[in-house]
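Here is a friendly note to read alongside the model. Keep the structure open and find each residue as you go.

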Amino acid sequence: MARPSALQRLLIVTVLFAATFAALRVVLTYRALELGASAAQIGILAAAFSFLPMFVAVSSGRVIDRRGARGMLVLGLSLTVVATAGAV
């Protein structure tokens with residue numbers, strides 16, 4: 001069997017990352033409900049997933065332009081793994 005190309009590997013990582021992120025949102029919402037969170041608190045939790053990227057997008061884009069995307073991709077995936085492991 002032939003080894004996947006760089007584009008295919010990137011696609012696989014992206015799909016796994018998106019699936020993990022989507023599952024994490026659901027799991028955190030159910031966990032918050034289990035802990036007795038109100039509807040407003042659930043809304044704030046859901047909004048938090050978009051709040052940080054809103055402020056970090058421009059500055060991280062500049063870093064990626066200067067240093068390349070690979071390092072930021074590895075950093076982001078590493079932080080996602082740590083955060084997901086901590087949430088479960």
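1. Start at the end of helix α1, where G36 follows with a positive phi, near 90°. Please keep in mind that everything here comes from a predicted model, and that the values are computed from it. A similar feature comes after the next helix: just after α2, G68 takes a positive phi of about 100°. Click on each glycine in turn to see where the two helices give way to what follows.

2. Now look along α1 itself. Its 29 residues reach 42 Å from the first C-alpha to the last, close to the 42 Å expected at 1.5 Å a residue. Two residues in this helix make a nice contrast. A32 has its place in α1, and with a relative accessible area of 15% it is buried, because buried means under 20%. Y30 also sits in α1, but its relative accessibility of 58% makes it exposed, since the cut-off for that word is over 50%.

3. Here are two distances to try for yourself. Y30 and I42 are 12 residues apart along the chain, and their C-alpha atoms are separated by 9.3 Å. For A32 and G61, the separation in sequence is 29 residues, and the C-alpha atoms lie 32 Å apart in space.

4. Next comes helix α2, which covers residues 39-67. It has 29 residues and spans 42 Å from first C-alpha to last, close to the 42 Å expected at 1.5 Å a residue. Where does α2 bend? Look at V56: the helix bends there by about 50°.

5. Which residues of α2 are buried? They are I42, F49 and S60. F55 belongs to α2 as well, yet F55 counts as exposed, with 54% relative accessibility. You can also check how F55 sits relative to T29: the two are 26 residues apart along the chain, and 23 Å separates their C-alpha atoms.

6. The aromatic rings deserve a slow look. A pair of rings is described by how far apart the centres are and by the angle between the planes. The structure holds three aromatic pairs. In one of them, the rings of F17 and F21 have centres 6.1 Å apart and planes at 15°, so this pair is stacked; the cut-off for stacked is under 30 degrees. Both residues lie in α1, four residues apart, which is about one turn of the helix.

7. Are F17 and F21 as hidden as F49? F17 is partly exposed, with a relative accessible area of 31%, and F21 is partly exposed too, at 32%. F21 also pairs with F49, this time edge-to-face, with 5.3 Å from centre to centre and 80° between the planes. Because F21 lies in α1 and F49 in α2, this pair ties together parts that are 28 residues apart in sequence. F49 counts as buried, at 16% relative accessibility. Taken together, ring pairs link F17, F21 and F49 into a cluster.

8. Turn now to the empty spaces. Rolling a probe the size of a water molecule over the atoms shows where space is left. The largest pocket holds about 720 Å³ of space. Of the 20 residues lining this pocket, those closest to its centre are F17, F21, L52, P53 and T80. The elements giving two or more residues to the lining are α1, α2 and α3. Which helix supplies the largest share? That is α2, with nine residues. By type, the lining has 16 nonpolar residues, four polar and no charged.

9. Finish with the second largest pocket, whose volume is about 220 Å³. Its lining is made by A6, R9, L10, V13, R70, L73, V74 and L77. Both α1 and α3 supply at least two of the lining residues. Here the division is six nonpolar, no polar and two charged. Try colouring the two linings by residue type and set them side by side on your screen.

Note on methods
Residues numbered from 1 in each chain as written. Predicted model: local features only at pLDDT ≥ 70, side-chain atom pairs only at ≥ 80, totals over all residues. Heavy atoms only, no water. Expected span 1.5 Å × (residues − 1). Bend = angle between axes of the 7 residues up to and from the residue. Buried < 20%, exposed > 50% of the residue type's maximum accessible area, 1.4 Å probe, protein only. 1 Å grid on protein atoms, 1.4 Å probe; cavity = no way out; pocket = protein on both sides within 12 Å on 5 of 7 lines; lining within 4 Å. Points joined across faces, edges and corners; volume = space filled by probe spheres on them. Nonpolar A, V, L, I, M, F, W, Y, C, P; charged D, E, K, R; others polar. Phe/Tyr/Trp six-rings, centres within 6.5 Å; stacked < 30°, edge-to-face > 60°.
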